[in-house]
Amino acid sequence: MNRVIEVAELRKVYADGIEALRGISFDVNEGEFFGFLGPNGAGKSTTIKILITLLGATSGSARVFGRDVAKHADLIRSLIGYAAQDVGVDDVLTGRENLILQGQLYHMDKAVLRRRTAELLELMDLTADAERPAGSYSGGMRKRLDLATGLIHRPQLLFLDEPTTGLDPQNRAGIWAHLEELNKRDGLTIFLTTHYLEEADRLCHRLAIIDHGSIIANASPQALKAELGGDVISLTFRDDGSDADARRARATGVLGALPFISSVKQDDGRVVLTAQHGGQSLPPILRALGDAGIDVADLTLTSPTLDDVFLKYTGERIREDAPVHNWRNTQSPISRVMGGGRPKRR
Amino acid sequence: MTTVTEPDPVPHEIASLVTNEALPRGAAKLASETYVLYVRQLKRLSRQATVIFFSLVQPLIWLVLFGQMFGRIARLPGAAASFGNVSYLQFFIPTVILQSILFGSGQSGVAIITDIDSGFLDKLLTTPINRLAILAGRLLGDLTRITVQMVLVVIIGYIFGFWQDPQISFHYGIPGILAALLIAMMFAITLMALNVYIALWTRSTEATFIVSNFLTLPLLFTSSAQLPIELLPGWMQAIAHVNPVTYTIDAMRVLLNGPDSVHGKSAGLVVVEALGILIGLGSVTLALATSRFRSAVS
């Protein structure tokens with residue numbers, strides 16, 4: 001399988017001394033939907049800016065389609081598409097004009113560009129609104145138009161930097177469906193950064209979890225969750241007049257003897273166990289407890305989430321409020337004094 | 001709307017693009033990309049009715065208000081010669097043109113910040129575009145807007161001039177007007193580039209406006225824009241003699257109103273001085289803006 005992205009020991013230290021990337025390494029294969037999951041400020045955007053040739057690395061190597069991003073920037077730019085959290089469309093131009101403008105900057109043939117524009121407007125359900133200014137579009141429509149502009153030249157690799165941030169659940173699901181279609185139907189390789197667990201879980205074939213500039217895990221979402229030991233089953237028991245602690249201890253002993261149970265522990269008045277294929281495990285669990293004369297009062301079955309994975313590796317839940325490094329500019333002294341300056345990029 | 005139903009409508013063309021062979025090279029690439037972004041600017045301008053309205057009406061209001069307010073000054077005993085023996089309105093036409101440039105050129109810087117903040121610049125930068133095309137397209141678009149303003153001021157000024165005493169007459173006719181507008185365009189480019197530099201330095205639309213206005217008004221009032229230089233207080237005259245606005249406006253007056261507009265220098269010298277100063281200053285501000293822009297996008 002061809003590798004379209006190869007990153008080795010990549011470091012980025014900004015002028016203000018902040019070390020955004022601490023020597024990360026990973027590969028992305030052709031046709032893969034690869035995710036970079038991490039909280040705000042983890043280093044996701046810095047990585048993507050380096051890969052799309054907008055930012056230089058301090059050390060290490062980053063190659064796209066086998067070419068060094070620093071040495072072959074123009075070639076790489078003609079091969080990749082990009083859509084970010086900030087919608088990069090011109091609000092005064094119409095949807096169609098935005099697409100044509102973007103295509104003209106790739107020097108696409110006029111007839112080809114006209115056809116491709118129509119095709120993308122159709123794909124993104126924007127044909128009916130193609131002649132309206134982009135500024136009059138809803139948030140979801142603007143995002144779809146932005147995605148379409150990143151696809152105008154039929155890139156072989158699409159970079160998406162937090163593409164659904166700020167969208168409502170319905171529009172987010174719509175964007176996901178489009179991305180899945182592009183990946184499955186067209187075989188488009190997609191590199192996605194996100195801090196949404198559900199997004200990473202649903203879309204990505206493989207995930208790198210990044211925190212504080214380091215990759216702490218890299219595997220498929222299923223494999224990452226499987227590392228946690230399976231589904232979690234939590235039980236409480238009906239009072240039968242016996243001592244509650246003794247009852248829980250007896251249940252723990254019964255459940256611990258079952259071969260498909262990975263672990264059993266008592267936690268805050270409950271018995272909590274992990275089991276592969278939790279749904280299938282429930283009947284034998286209930287049967288074993290019934291045979292031992294223990295009645296179950298309450299039972300919950302939960303599958304592990306990527307948040308649990310993040311918790312396992314970092315000791316904390318994924319956070320969404322960390323500061324973000326303002327990668328492109330550091331404000332000038334006069335701007336800081338005046339309280340001006342562009343908002344921080346997230 | 002027709003839908004493209006063919007399974008893979010653009011493989012060959014894109015394949016050639018992918019190999020990077022379809023891209024034009026060097027100056028042709030820069031010119032083509034600059035043109036694309038210039039057209040974007042014109043489309044944006046043509047659809048922003050408020051911008052068009054105020055860009056065109058504001059200089060006309062200045063022309064009417066200032067022309068009326070100071071109209072009698074040019075007719076005061078002994079003052080007529082200082083004004084070049086023309087009506088104040090005619091004296092004031094180059095001033096309105098420069099005021100439009102001074103106040104309108106800030107837009108160049110602000111628009112670049114807006115493109116950065118909106119994410120549009122990043123979108124452009126992920127294409128194989130020559131980075132200078134972004135700056136050139138912006139400056140040419142704004143120059144077009146300002147040139148339309150200038151032409152309108154000359155036309156309206158000429159029409160108002162029928163009711164003036166003496167009536168407006170352009171000394172060198174159409175060639176003189178075109179030459180004066182060329183000088184004004186050089187001044188506009190100089191100032192737009194300065195504003196781009198300020199904007200990229202401050203990274204803030206608010207700060208750009210404040211710094212730009214901080215420079216604009218003193219430049220205007222310590223020059224021969226409002227009054228002939230000999231009618232200014234002594235200390236202002238000293239500043240006016242080193243103010244590039246004075247040299248620009250004097251050259252425009254000579255080209256529009258004739259050689260009597262400026263005293264103590266030949267018309268040729270006035271124009272040559274202005275050209276020299278504007279070429280020098282323009283080169284500096286363009287170099288500063290380009291350098292700042294290059295570092296901002298690299």
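The following exchange between a student and a tutor works through the folds, the packing and some individual residues of a predicted two-chain model.

Student: Which ipTM and pTM does the model score, and what average pLDDT does chain A have?

Tutor: For the predicted model as a whole, the scores are ipTM 0.83 and pTM 0.80. In chain A, 91% of the residues have a pLDDT of at least 70, although over residues 329–346 of chain A the pLDDT is below 50, a stretch that nevertheless has 42 contacts in the model beyond near neighbours in sequence. The average pLDDT of chain A is 86.

Student: Over which residues of chain B does the pLDDT stay under 50?

Tutor: Chain B averages a pLDDT of 86, and 92% of its residues score at least 70. The stretch asked about has 29 contacts in the model beyond four places in sequence, and it covers residues 1–19 of chain B.

Student: How many helices and strands does chain A have?

Tutor: Chain A has 346 residues, of which 45% are buried, and its C-alpha trace spans about 80 × 50 × 45 Å along the principal axes. Among its contacts with a separation of 6 or more, 68% join residues 24 or more positions apart. The secondary structure of chain A consists of 12 helices and 14 strands.

Student: What pattern does chain B follow when it is read along the sequence?

Tutor: The 298 residues of chain B, 43% of them buried, fill a box of roughly 85 × 40 × 35 Å along the principal axes, as judged by the C-alpha atoms. Its secondary structure comes to 12 helices and zero strands, while residues 24 or more positions apart account for 77% of the contacts with a separation of 6 or more. Read along the sequence, the pattern of chain B is α-α-α-α-α-α-α-α-α-α-α-α.

Student: Which helix gives the most residues to the largest nonpolar core?

Tutor: The largest nonpolar core has 144 residues, and B:A184 and B:V196 have the most contacts inside it. Once neighbours within four places in sequence are left aside, B:A184 is in contact with B:I97, B:L98, B:I101, B:M150 and B:M252. The helix that gives the most to the core, with 18 residues, spans residues 173–202 of chain B and is helix α8.

Student: How many residues does the second, separate core have?

Tutor: Among the residues of this second core are A:F237, A:I261, A:V271 and A:L273. Its total is 13 residues.

Student: Is the crossing of α2(B) and α7(B) left-handed or right-handed?

Tutor: The axes of helix α2 (residues 26–46) and helix α7 (residues 131–160), both of chain B, come within 8 Å and cross at roughly 40°, and therefore α2(B) is oblique to α7(B). The residues that meet include B:L30, B:T34 and B:L37 from α2(B), and B:I134, B:G137 and B:G141 from α7(B). The way in which α2(B) passes α7(B) makes the crossing right-handed.

Student: At what angle do helix α11 and helix α12 of chain B pack?

Tutor: Helix α11 covers residues 244–257 and helix α12 covers residues 267–297 of chain B, with their axes 8 Å apart, and their crossing is left-handed. Among the residues that meet are B:Y247, B:A251 and B:V254 in α11(B), together with B:V270, B:A274 and B:I277 in α12(B). The packing angle is about 135°, which means that α11(B) is oblique to α12(B).

Student: Is B:G258 buried or partly exposed?

Tutor: B:G258 is placed in the loop between α11 and α12 of chain B, and it touches B:G84 and B:H171 when residues up to four places away in sequence are not counted. The C-alpha atom of B:G258 is separated by 20 Å from that of B:F187, a residue 71 places away along the chain. Because 19 other C-beta atoms lie within 10 Å, whereas a buried residue needs 20 or more, B:G258 is partly exposed.

Student: Where is A:D125, which has a positive phi of about 55° although it is not a glycine?

Tutor: A:E9, in strand β1 (residues 3–13) of chain A, also has a positive phi, near 50°, and counts as partly exposed with 14 C-beta neighbours inside 10 Å. A:D125 likewise counts as partly exposed, because it has 13 C-beta neighbours inside 10 Å. The place of A:D125 is in the loop of chain A between α4 (110–123) and α5 (139–151).

Conventions:
Residues are numbered from 1 along each chain as its sequence is written. Chains are lettered from A and ligands numbered from 1 in the order in which they are written. This is a predicted model: local features need pLDDT of at least 70, side-chain atom pairs count only at pLDDT 80 or more; totals for chains, interfaces and linings use all residues. pLDDT is the predictor's confidence in each residue, from 0 to 100. Two residues are in contact if their C-beta atoms, placed from the backbone, lie within 7 Å. A nonpolar core is a set of buried Ala, Val, Leu, Ile, Met, Phe, Trp, Tyr and Cys residues joined through C-beta atoms within 7 Å. A residue is buried if 20 or more other C-beta atoms lie within 10 Å of its own, exposed if 12 or fewer, and partly exposed in between; C-beta atoms are placed from the backbone. Helices (H or I, at least four residues) and strands (E, at least two) are DSSP runs, numbered from the N terminus. Axes are lines fitted to C-alpha atoms, for helices over the stretch in contact, and angles run from 0 to 180 degrees between N-to-C directions. Angles under 35 degrees count as roughly parallel, over 145 as roughly antiparallel, 65 to 115 as roughly perpendicular and the rest as oblique. A crossing is left-handed if the near helix is turned anticlockwise from the far one by less than a right angle, and right-handed if clockwise.
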